[in-house]
Amino acid sequence: MKEVFFKIESNELIAKNTYEMVLSGDTQEITATGQFVNIKLDGFFLRRPISVCHAEEGRLVLIYKVVGEGTELMADLEPGRSLSVLTGLGNGYDLEVSGEAPVLIGGGAGIPPMYGLCEALIERLKPENIKVVLGFNTEDEIFYLSKFVELGVDVRVATADGSVGTKGFVTDVLKDLDYTYFYTCGPMPMFKAIEKVAKTSGQYSFEERMGCGFGACMGCSMTMADGSYKRVCKEGPVFRREEILWK
Ligand SMILES: Cc1cc2nc3c(=O)[nH]c(=O)nc-3n(C[C@H](O)[C@H](O)[C@H](O)COP(=O)(O)OP(=O)(O)OC[C@H]3O[C@@H](n4cnc5c(N)ncnc54)[C@H](O)[C@@H]3O)c2cc1C
Ligand code: FES
């Protein structure tokens with residue numbers, strides 16, 4: 001883990017209540033796709049965790065949804081400002097087990113890490129063999145659809161109101177797909193629905209509420225299937241399907 005002072009290059013609204021923040025600074029500690037960063041905001045004791053959407057040398061892209069006071073404040077931050085960010089947090093996805101044709105499933109604020117994962121997987125696999133299922137509530141919430149399409153992967157969309165793509169949830173698309181493995185990030189109700197229809201093994205990335213974000217407070221502990229406890233921030237946020245206790 002490393003505290004890095006990033007400069008905000010841009011911070012723009014890209015969909016309803018959803019912002020893309022581009023930062024410049026030292027990204028060396030970001031070593032695996034699926035890791036997250038933890039952002040210090042003036043006036044807040046706890047940092048706000050946000051998944052890495054895209055990272056390259058000197059440049060970091062985050063996408064965040066405004067849901068409360070912290071993210072509201074983030075949305076007001078102007079380019080040029082400096083931001084204290086803890087980098088290199090969390091385990092990230094295991095790409096070795098993807099097989100030839102994995103599916104990536106993202107719901108709402110869980111979509112950003114799927115983009116970085118997709119970029120990493122196309123370095124190993126044929127893009128056309130990778131399926132991506134994106135779930136939103138309505139058309140005005142859709143973001144990064146064209147970015148995924150530009151990667152050359154097979155992208156499907158589900159919207160709850162049916163305004164774009166399949167009417168319903170990501171699982172309404174997933175149930176008819178063939179794939180070798182799945183990776184997902186999104187809200188818990190979506191995870192529980194995936195668990196019911198998934199045909200293969202897979203990995204879930206949890207965006208649970210956090211305290212310290214680096215393993216010290218135990219505030220993010222989860223009971224696992226074998227009865228052990230794991231910290232979402234340290235041993236996670238990515239866990240294999242088989243190790244999760246589904247309650
Ligand atoms: C590892 C990790 C990665 C994340 N990645 C992203 C990301 O890439 N993009 C993104 O938009 N968000 C992401 N989140 C969620 C993000 O951290 C929270 O939305 C943010 O901290 C809320 O701060 P706030 O001060 O605006 O809201 P608060 O005032 O803290 O809360 C406002 C409302 O949002 C709810 N809420 C707060 N945090 C969460 C959460 N983690 N999950 C569900 N509901 C929550 C609260 O219950 C409350 O109803 C991630 C969380 C984790 C743990
Ligand atoms: S948030 Fe403190 S241990 Fe995970």
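A residue counts as near a molecule if its C-beta atom, placed from the backbone, lies within 6 Å of it. The views below show a predicted model, and the legends begin with the surroundings of the ligand.

**View 1. The shell around ligand 1 draws on both domains of the chain.** By that criterion 20 residues surround ligand 1, and the closest of them are Ser-51, Gly-68, Gly-70, Thr-71 and Ala-109. Strands β4 and β6 and helix α1, which covers residues 69-75, each supply at least two residues of this shell, and β4 gives the largest share, with four residues. Sorted by character, the shell around ligand 1 holds ten nonpolar, four polar and six charged residues. Because domain 1 (2-89) and domain 2 (103-243) both give residues to the shell, ligand 1 lies between them.

**View 2. Domain 1 and domain 2 touch each other through residues on either side.** The division of the chain places residues 2-89 in domain 1 and residues 103-243 in domain 2, and the C-alpha centres of the two domains lie 20 Å apart. Contact between them involves 21 residues of domain 1 and 21 residues of domain 2. On the side of domain 1 that touches domain 2, at least two residues come from each of the strands β1 (2-15), β3 (36-39), β4 (48-51), β5 (54-56), β6 (59-65) and β7 (82-89). Strand β6 provides the largest share of that side, namely three residues, while the residues of the side as a group comprise twelve nonpolar, six polar and three charged.

**View 3. The whole chain combines five helices with 16 strands.** The radius of gyration of the chain is 17 Å, close to the 18 Å that the globule rule gives for 247 residues, so the chain is as compact as a globular protein of that length. Measured out along its principal axes, the C-alpha trace spans about 45 × 40 × 35 Å. Buried residues make up 42% of the 247 residues, and, among contacts with a separation of 6 or more, 61% join residues that are 24 or more positions apart.

**View 4. Strand β13 is covered on both of its faces.** Within this strand, which runs over residues 202-205, Gly-202 and Tyr-204 are buried on one side, and Gln-203 and Ser-205 are buried on the other. Strand β12, made up of residues 182-185, pairs with β13 in the parallel sense over four bridges, and Cys-185 stands opposite Ser-205 of β13.

**View 5. Ile-30 sits in the loop between β2 (18-24) and β3.** With 21 other C-beta atoms within 10 Å, where 20 or more are required, Ile-30 is classed as buried. Once its neighbours within four places in sequence are left aside, Ile-30 is in contact with Gln-35, Val-52, Ala-55, Thr-87 and Gly-88. The C-alpha atoms of Ile-30 and Glu-56 are separated by 8.9 Å, although these residues stand 26 residues apart along the chain.

**View 6. Ser-201 is located in the loop between α5 (188-197) and β13.** This serine, Ser-201, is partly exposed, with 13 other C-beta atoms within 10 Å. Apart from its neighbours within four places in sequence, Ser-201 is in contact with Tyr-181, Arg-240, Arg-241 and Glu-242. Ser-201 and Ser-98 are 103 residues apart in sequence, and their C-alpha atoms are 9.3 Å apart in space.

Note on methods: Residues numbered from 1 in each chain as written. Chains lettered and ligands numbered in written order. Predicted model: local features only at pLDDT ≥ 70, side-chain atom pairs only at ≥ 80, totals over all residues. Domains from an automatic or database assignment. Contact = placed C-beta atoms within 7 Å. Nonpolar A, V, L, I, M, F, W, Y, C, P; charged D, E, K, R; others polar. Rg over C-alpha atoms; globule rule 2.2 N^0.38 Å. Buried ≥ 20, exposed ≤ 12 C-beta atoms within 10 Å, placed from the backbone. Pairing = 2+ DSSP bridges.
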